[in-house]
Amino acid sequence: MKTYFINSIRFVLLILVQVMILNHFEVFGYINPYIYPLLIILLPFNINSIQKLLLAFVLGICIDIFEDSGGIHAAATLIIAYLRPLFLRNAFGLSYDYQTLKFYDAPFRSRLVYVSFMVIIHHVVLFSLEIFSVNHLLYLLEKIVYSSIFSIILIMITLNLIRKNRK
């Protein structure tokens, strides 16, 4: 019950921060940070697949409604939610397989690899669907790389702030 309450608060806060602050914050005209994938990143490791995919879809649709973007955020969040076990296994190894993993007790490198996988795949799907043109391939790659770097830094800072508040 406590997990549902915490995830509900995260859901609302991340949507509000994304829509009210970060969507109006563009660096160099095309770098836009996205923090809302943090909800999928911080979901419990033993969550039911149906619940995880449903939550990812609702999260993406909420962002799509506010941005009037036609479902591209829903597609991106669904993809990372579906691929999440693969990313967890690659980043954390045996501790994920044996369900002994505690996210904040894991080494920084493993957390960074996991967050990077999630954010990069999210941004590849999101911006590929947004631009949807081979003619703008260089622009697409720039947007993916720079937005991913900025989003990863922002998410890692947020994770460290959350961790400090837990102690």
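**Entry 1: Asn32**

I started with Asn32 in this predicted model. Buried or exposed, I wondered about Asn32? Asn32 comes out buried, because its relative accessible area is 8% and the cut-off for buried is under 20%. I then looked up where Asn32 sits: the loop between α1 (2-20) and α2 (38-41). Leaving out residues up to four places away in sequence, I listed what Asn32 touches: Leu22, Asn23, Phe25, Glu26, Ser147 and Ser151.

**Entry 2: Ile35, in the α1-α2 loop**

I moved along to Ile35, which is in the loop between α1 and α2. Ile35 is buried too, with a relative accessible area of 6%. Its contacts, with neighbours within four places set aside, are Leu14, Val17, Gln18, Leu22, Leu154, Ile155 and Thr158. I also checked Ile35 against His24: these two are 11 residues apart along the chain, and their C-alpha atoms are separated by 13 Å.

**Entry 3: Val19**

Next I looked at Val19, which belongs to helix α1. With 12% relative accessibility, Val19 counts as buried. Which residues does Val19 touch, not counting those up to four places away in sequence? I found His24, Ile63 and Phe66. I followed up on the pair Val19 and Phe66: they are 47 residues apart in sequence, yet 6.8 Å apart in space, C-alpha to C-alpha.

**Entry 4: α1 against α3**

That pair sent me to the helix packing. For any two packed helices, the description is the angle between the axes plus the distance between the axes. At what angle do α1 and α3 pack? I noted about 25 degrees for α1 and helix α3 (residues 49-67), with the axes 10 Å apart. The two helices are therefore roughly parallel to each other, as angles under 35 degrees count that way. I logged the crossing of α1 past α3 as right-handed.

From α1, the residues that meet α3 are Tyr4, Phe11, Ile15, Gln18 and Val19. Across from them in α3 I have Gln51, Leu55, Val58, Leu59, Cys62, Ile63 and Phe66. Sorted by type, the residues of this α1-α3 contact give 10 nonpolar, 2 polar and no charged.

**Entry 5: α3 against α4**

I did the same for α3 and α4, whose axes come within 7 Å and cross at roughly 155 degrees. That makes α3 roughly antiparallel to α4. This crossing is right-handed. On the α3 side, the residues in the contact include Lys52, Leu53, Asp64 and Glu67; on the α4 side they include Ile72, His73, Tyr82 and Arg84. How many of the residues in the α3-α4 contact are charged? I got 4 charged, next to 12 nonpolar and 3 polar.

**Entry 6: α4 against α6**

One more helix pair: α4 and α6 pack at an angle of about 155 degrees, and their axes are 9 Å apart. That makes α4 roughly antiparallel to α6. I logged a right-handed crossing where α4 passes α6. The residues of the contact between α4 and α6 divide into 18 nonpolar, 5 polar and 3 charged.

**Entry 7: the core**

With so many nonpolar residues on my list, I looked up the core. In soluble globular proteins, nonpolar side chains tend to be buried together. Here the largest nonpolar core has 44 residues. Which elements give two or more residues to this core? They are α1, α2, α3, α4 (72-92), α6 (108-131) and α7 (137-166).

Phe103, Tyr114 and Leu159 are the residues with the most contacts inside the core. I pulled up Phe103, again ignoring residues up to four places away in sequence, and found that it touches Ile41, Leu42, Phe45, Phe92, Arg111, Tyr114 and Leu159. So two names came back from the core list: Phe103 touches both Tyr114 and Leu159.

**Entry 8: positive phi**

Last, I went through backbone torsions. Most residues other than glycine have a negative phi, and so positive values are what I looked for. Asp68 has phi near 55 degrees, a positive value in a non-glycine residue. Asp68 lies in the loop between α3 and α4. It is exposed, with a relative accessible area of 71%.

Phe132 also turned up, with a positive phi near 45 degrees. Where is Phe132 found? I placed Phe132 in the loop between α6 and α7. At 69% relative accessibility Phe132 counts as exposed, because the cut-off for exposed is over 50%.

Conventions
Residues are numbered from 1 along each chain as its sequence is written. This is a predicted model: local features need pLDDT of at least 70, side-chain atom pairs count only at pLDDT 80 or more; totals for chains, interfaces and linings use all residues. Side-chain values use heavy atoms; hydrogens and water are left out. Helices (H or I, at least four residues) and strands (E, at least two) are DSSP runs, numbered from the N terminus. Buried means under 20% relative accessible area, exposed over 50%, partly exposed in between (1.4 Å probe, protein chains only). Contact means heavy atoms within 4.5 Å. Axes are lines fitted to C-alpha atoms, for helices over the stretch in contact, and angles run from 0 to 180 degrees between N-to-C directions. Angles under 35 degrees count as roughly parallel, over 145 as roughly antiparallel, 65 to 115 as roughly perpendicular and the rest as oblique. A crossing is left-handed if the near helix is turned anticlockwise from the far one by less than a right angle, and right-handed if clockwise. Ala, Val, Leu, Ile, Met, Phe, Trp, Tyr, Cys and Pro count as nonpolar, Asp, Glu, Lys and Arg as charged, and the others, Gly among them, as polar. A nonpolar core is a set of buried Ala, Val, Leu, Ile, Met, Phe, Trp, Tyr and Cys residues joined through side-chain atoms within 4.5 Å.
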